Amino acid sequence: MPTRATRFFTLPEYPLATIPQRKRELAARGVDVIDLGAGDADLAPPQAALDRMRDAVLEPPLSRYGFGLGYVPYREAVSAWMQRRFGVRCDPMTEVVPLLGSKEGISHLAFAYLEPGCVSIIPEPGYNPYQGGTLLSSGEPYRYPLRPRTDFLLDLDEIPRDVLDRTRILYLNYPNNPTAAIAPKDYLERVVKRCRDLDILLVYDNAYSELAFDGYVPPSIFEIDGARDVAIEFHSISKTYNMTGWRCGWAAGRAELVGALAQVKTFVDTGNFMAVQAAAATALDNWASFVPGNVEIFRERRDAAVEAFRENGFECDKPQATMYLWIRLPEHITSAEFAQFLVEEEGVVVMPGSNFGLGGEGFFRVSFITSPERIREAASRAGRVLGRLSVGA
Ligand SMILES: Cc1ncc(COP(=O)(O)O)c(C=O)c1O
């Protein structure tokens, strides 16, 4: 057996990796599975994007290698959207990096900035590619537990000075997966200032910027003074347009910062299918006719989910953004045990908080990605499991 790198063995199992197979097995046994695991809605992409894709596959030049440059109108659509949506200027050619989904860029970025002895600060519970990129580039993760105590905000002042001195990257993600927390602007101002003082790259993962409710409008990090000096922001077509499988996103930031990622990628991929970039450009151009209506569907699902889980004995806040509920469990039930019972006995897939790292225990995540009826059914099955696990506690 050829020897694998020590680094390889530092990788935990990826939490969502085994779910599709498990669902197939349950369905084969005749179980009526309700999957509230991945953040992957059962809704359609914008019709305009589908139409553009149908035409684009018939354009032979778009079937050639995109290389890092990709489909230039995609870069231009990204730049125009950043300007319209946030009032932020990004040069389409030098300050935008097309990605094969934002996960790809988030993971690969670490190769440009980390090396042995260097630290990345990772909020946990959090999106697993932060640690994946760090571990694969032999960096050292410093895991910060996000808990209700700080409103799920990461406080740099709580991190030891000797760690900060070795820190190259801080990952932040608001609106947050999985806690659904949002970050006030004055908090973001403090973080940007600290990153500037400490010369830390702020990786701002804004995958949920377009999925917000009740009048809340998530900002870009570049709306914060000074952020351009230290931040790279990641965006995704996936959640905003129900296009998770298309694998398309982008990184934005000052040319010197995002250019390092673009250079790493020249050795990793040769760009995604340019027809996908063409369809994504159309989706961005059609934001106004699609996104508000789509968000309204998620709002109905959120309200149904909050009400149904509360009625069935659970405690959770009503999120102002994302497609997630972060639901508390009683102290005597571990999140892994609860999720395991729920899927095995009731066929409902949720994510145990412990899958998201350090601060995740004591909670589980529900993605409100299906109809209110199915969500209500899932909540009542979850309530039965809660009842069974609570007997005699
Ligand atoms: C916080 C966060 N960032 C980034 C992504 C990646 O999205 P994609 O790779 O589909 O663009 C996800 C997907 O679940 C996410 O939850």
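**Exercise 1. Find the loop that holds Ser138, then say what is unusual about the backbone there.**

Start with the place: Ser138 sits in the loop between α5 and β4 (140-145). Keep in mind that you are looking at a predicted model. Now check the backbone: Ser138 has a positive phi of about 60°, although Ser138 is not a glycine.

**Exercise 2. Track down two cis peptide bonds and place their prolines.**

Step one: go to Glu124 and Pro125, which are joined by a cis peptide bond with omega of about 10°. Pro125 belongs to the loop between β3 and α5 (129-136).

Step two: move along to Asn177 and Pro178, where the peptide bond is again cis, with omega near 10°. Pro178 is in the loop between β5 (167-172) and α7 (185-198).

**Exercise 3. Which residues line the second largest cavity, and which element gives the largest share of that lining?**

First, the count: by the rule used here, there are 2 cavities of 30 Å³ or more. The second largest cavity holds about 40 Å³ of space.

Next, read off the wall. Ile122, Pro123, Glu124, Gly126, Tyr127, Asn128, Gln131, Phe356 and Gly357 line the second largest cavity. One of them, Glu124, you've already met as a partner in the cis bond to Pro125. The largest share, 3 residues, comes from strand β3 (residues 119-124).

Last, sort the lining by class: 4 residues are nonpolar, 4 are polar and 1 is charged.

**Exercise 4. Now do the same for the largest cavity: give its volume, the residues nearest its centre and the classes in its lining.**

The volume of the largest cavity is about 60 Å³. Its lining has 13 residues, and those nearest the centre are Trp81, Glu210, Ser236, Thr240 and Trp250. Split by class, the lining of the largest cavity gives you 7 nonpolar, 5 polar and 1 charged residues.

**Exercise 5. Set the two largest pockets side by side, looking at volume, lining and class.**

Take the largest pocket to begin with. About 520 Å³ of space lies in it, and 27 residues make up its lining. Leu16, Gly39, Lys103, Tyr127 and Lys239 are the ones nearest the centre. Tyr127 also turned up in the lining of the second largest cavity. Helix α4 (residues 102-113) provides the largest share of the pocket lining, with 3 residues. The classes in the lining of the largest pocket are 12 nonpolar, 9 polar and 6 charged.

On to the second largest pocket, with about 420 Å³ of space. Its lining has 20 residues, and Phe152, Thr179, Ala180, Ala181 and Asp317 lie nearest the centre. Strand β9 (residues 324-328) gives the most to this lining, namely 4 residues. By class, you get 13 nonpolar, 2 polar and 5 charged residues for the second largest pocket.

**Exercise 6. Are α11 and α13 roughly parallel or roughly antiparallel, and which residues meet?**

A reminder before you start: two packed helices are described by the angle between their axes and the distance between the axes.

Get those values first. The axes of helix α11 (residues 287-311) and helix α13 (residues 372-390) come within 9 Å and cross at roughly 20°. Angles under 35 degrees count as roughly parallel, so α11 and α13 are roughly parallel to each other. The handedness comes next: α11 passes α13 in a right-handed crossing.

Then find who touches whom. From α11, Arg301, Ala304, Ala305, Ala308 and Phe309 meet Pro372, Ile375, Arg376, Ala379 and Ala382 of α13. The contact of α11 with α13 has 8 nonpolar, no polar and 2 charged residues.

**Exercise 7. Repeat the analysis for α2 and α10.**

Helix α2 (residues 47-56) and helix α10 (residues 274-285) pack at an angle of about 150°, with their axes 8 Å apart. Angles over 145 degrees count as roughly antiparallel, so α2 and α10 are roughly antiparallel to each other. Their crossing is right-handed.

On the α2 side, the contact uses Ala48, Ala49, Arg52, Met53 and Ala56. On the α10 side, Ala275, Val276, Ala278, Ala279, Thr282 and Ala283 take part. To finish, sort the contact of α2 with α10 by class: 9 nonpolar, 1 polar and 1 charged.

Note on methods
Residues numbered from 1 in each chain as written. Predicted model: local features only at pLDDT ≥ 70, side-chain atom pairs only at ≥ 80, totals over all residues. Heavy atoms only, no water. Axes fitted to C-alpha atoms, helices over the stretch in contact; angles between N-to-C directions. Helix = DSSP H or I, 4+ residues; strand = E, 2+ residues; numbered from the N terminus. Parallel < 35°, antiparallel > 145°, perpendicular 65-115°, else oblique. Left-handed = near helix turned anticlockwise from the far one by under 90°. Contact = heavy atoms within 4.5 Å. Nonpolar A, V, L, I, M, F, W, Y, C, P; charged D, E, K, R; others polar. 1 Å grid on protein atoms, 1.4 Å probe; cavity = no way out; pocket = protein on both sides within 12 Å on 5 of 7 lines; lining within 4 Å. Points joined across faces, edges and corners; volume = space filled by probe spheres on them.
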